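Okay, thanks for making room for me this morning. I'd like to walk you through a structure, so let me put it on the screen.

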Amino acid sequence: MKLTVNNLKDTENIGKIISRCLEKGTVICLDGDLGVGKTALTQFIARGFGIDEYITSPTFTIIKEYEGRRPFYHMDVYRIDSEDDMYDLGYDEYIYSEGVTVIEWSHKINGILPDERINIEIQRLDDTRRIMDVDGKGKAYDRLAKELKDYESTCN
Ligand SMILES: Nc1ncnc2c1ncn2[C@@H]1O[C@H](COP(=O)(O)OP(=O)(O)O)[C@@H](O)[C@H]1O
Ligand SMILES: [Mg+2]
């Protein structure tokens, strides 16, 4: 589904909705150009998930861990050259864990993403407006799709 986002507040609302749908092992993949709002959305998801810390892109460390309702792993794989590098960083232990994982630039590791995941592709329209294309597979995605439909109907 495609969502039109008019401002940062809409992104915050969507982040909050996503945070309610996260379960053990949920993986959220965020893609879109630099500055489109992947980290901003992650920040709002994290806040809704009970994390008060300020979140920045882990561009150099690749993975950062936070503690919310469950462990929350934030990855930025922009600088990853090969999928093998991800395994060296313990990728498997993160995505098949009790926690949830958000992956910025996920298309760079497309071959090793789990089947069940939430995909969000963000496009910039102007300074504050975005298109979010949301799809995926699995229980968390099914719940999210339903909640986003309800949300959209309250916006129109
Ligand atoms: N609707 C919006 N959604 C997300 N970010 C927005 C929006 N409108 C403006 N912004 C701004 O765009 C920037 C997005 O930066 P960031 O989240 O770091 O992007 P990325 O992680 O995709 O590189 C932030 O400065 C944010 O405040
Ligand atoms: Mg980022």
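I'll go through the sheet, then the helix packing, then the ligand. One caveat up front: this is a predicted model.

So, the sheet. In what order do the strands run? It's β1-β7-β6-β2-β5-β4-β3, 7 strands in an open sheet, and the pairing is mixed. At the edges you've got β1, residues 2–5, and β3, residues 63–67, and each of those pairs on one side only. From one strand to the next the twist averages 20°.

Let me pick out one pair in there. β4, residues 71–76, and β5, residues 100–104, run parallel to each other, over 5 bridges. If you want a spot to click on, take Y73, whose bridge partner in β5 is T101. Now look at α2, which packs on the sheet and touches β2, β3, β4, β5 and β6. Its direction makes about 165° with that of β5.

On to the helices. α1 covers 8–21 and α2 covers 38–48. How do those two pack? Their axes are 7 Å apart, at an angle of about 50°, so α1 and α2 count as oblique to each other. The crossing of α1 past α2 is right-handed. On the α1 side, the contact is made by L8, T11, E12, G15, K16, I18, S19 and R20, and on the α2 side by A40, L41, F44, I45 and G48. By class, that's 6 nonpolar, 4 polar and 3 charged.

α1 has another partner, helix α5, residues 139–155. Here the angle is about 145°, with the axes 9 Å apart, and again we have a right-handed crossing. From α1 you get N13, I17, I18, R20 and C21; from α5, A140, R143, L144, E147, L148 and Y151. The class split for this contact is 7 nonpolar, 1 polar and 3 charged. Notice that I18 and R20 are on the α1 list for α5, and they're on the α1 list for α2 as well.

Last stop, ligand 1. Which residues come nearest to it? Out of the 17 around the ligand, those are T11, G37, K38, T39 and A40. The shell has 8 polar, 5 nonpolar and 4 charged residues. And our two helices turn up again, since α1 and α2 each supply at least two residues of that shell. T11 and A40, both among the nearest to the ligand, also sit in the α1–α2 contact.

That's my tour, happy to rotate things around.

How values were computed
Residues numbered from 1 in each chain as written. Chains lettered and ligands numbered in written order. Predicted model: local features only at pLDDT ≥ 70, side-chain atom pairs only at ≥ 80, totals over all residues. Near = placed C-beta within 6 Å. Helix = DSSP H or I, 4+ residues; strand = E, 2+ residues; numbered from the N terminus. Nonpolar A, V, L, I, M, F, W, Y, C, P; charged D, E, K, R; others polar. Axes fitted to C-alpha atoms, helices over the stretch in contact; angles between N-to-C directions. Parallel < 35°, antiparallel > 145°, perpendicular 65-115°, else oblique. Left-handed = near helix turned anticlockwise from the far one by under 90°. Contact = placed C-beta atoms within 7 Å. Pairing = 2+ DSSP bridges.
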